[in-house]
Amino acid sequence: MFSTVKEKNWSVEENSKLSLRLTYMFSYNLFQFCCHTWILANTIARFLTFGRDALADTFHSVGFVMSLCQLLTILELFHIADGIEKAKLLPRFVQVLEKNLLLILIIVLEEIQSKPAVCLVFFFWNIQDLLRYPHELLCTLNSPFVATLWARYTLWIPVYVASVATEGVTMYQALLHVDPNGPYSHLHLPSVLMAFSPLLAVGAAVAVWQLLKERQQHLDRWSKKLKRK
């Protein structure tokens, strides 16, 4: 009898932990989805209102929210490591690292904040996340939808490649504006940028390769699920 009570207590505790994890993941994905929806809507509205002039002010209008969202993506590495999110750690690590490093670069170098490339980077980042977080949100509810699954693992990859290419253009423009004798000369930014560029390309290639494998696994699993029905 004591053993039965102990098992019941253990079961209740496990269910409580599972419920807390699901609530946390749902809240996290919903927060990211809402923030990126706001950023994209704000960017499009400003462009329709002010035209090309809005491109120069994109960072100042949405930069804080974008920085907050990208900073919080570091938590996703712990989600995967802890097992509460089923994904490959390596591609997610590459994505989180490249975005946060580039964002730090944009914040440090005010000269490139008004460049159209920065607006394009933010646009592609938002499209990526608006393709990903709705699927993650439905997965926490255990009700994934085939359209969001396809968007997450098929349409997301070319958007990611386009964003990496835009990031490369942004880093090149940053390299042109770096002053070797400027306030950040101790960071050796030109050398850092030149070293990071090939690492970005290699990291993106590895990430795409891993994502293609992950895509195949998820689509195969979905096909098997449909056949059982």
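**View 1. Looking for disulfides around C35.** A disulfide is a covalent bond between the sulfur atoms of two cysteines. In this predicted model, the disulfide count comes to zero. Take C35: its nearest cysteine sulfur belongs to C69 and sits 4.1 Å away. The cut-off for a disulfide is within 2.5 Å, so C35 is in no disulfide. Is C35 buried or exposed? C35 is buried, because its relative accessible area is 12% and buried means under 20%.

**View 2. C139 on helix α5.** Here's another cysteine to zoom in on: C139 is part of helix α5, which covers residues 116–140. C139 counts as partly exposed, because its relative accessibility is 35%. Which residue is 54 positions from C139 in sequence, yet 9.5 Å from it in space? That's E85, with the distance taken from C-alpha to C-alpha.

**View 3. Helix α4 from end to end.** Helix α4 runs through residues 89–108, 20 residues in total. Going from its first C-alpha to its last, you cover 28 Å, close to the 28 Å expected at 1.5 Å a residue. Plenty of names to spot here: the buried residues of α4 include P91, V94, V96, L102, L103, L105 and I106. Among the others buried in α4 are R92, E98 and K99.

**View 4. Stepping back to the whole chain.** What is the chain built from, helices or strands? Its secondary structure comes to seven helices and zero strands. Of the 229 residues in the chain, 40% are buried. Look at contacts with a separation of 6 or more, and 77% of them link residues 24 or more positions apart. On the outside, the chain exposes about 13,200 Å², with carbon and sulfur atoms supplying 69% of it.

Terms used. Residues numbered from 1 in each chain as written. Predicted model: local features only at pLDDT ≥ 70, side-chain atom pairs only at ≥ 80, totals over all residues. Heavy atoms only, no water. Buried < 20%, exposed > 50% of the residue type's maximum accessible area, 1.4 Å probe, protein only. Helix = DSSP H or I, 4+ residues; strand = E, 2+ residues; numbered from the N terminus. Expected span 1.5 Å × (residues − 1). Contact = heavy atoms within 4.5 Å. Areas by Shrake-Rupley, 256 points an atom, 1.4 Å probe, with all protein chains shown as cover.
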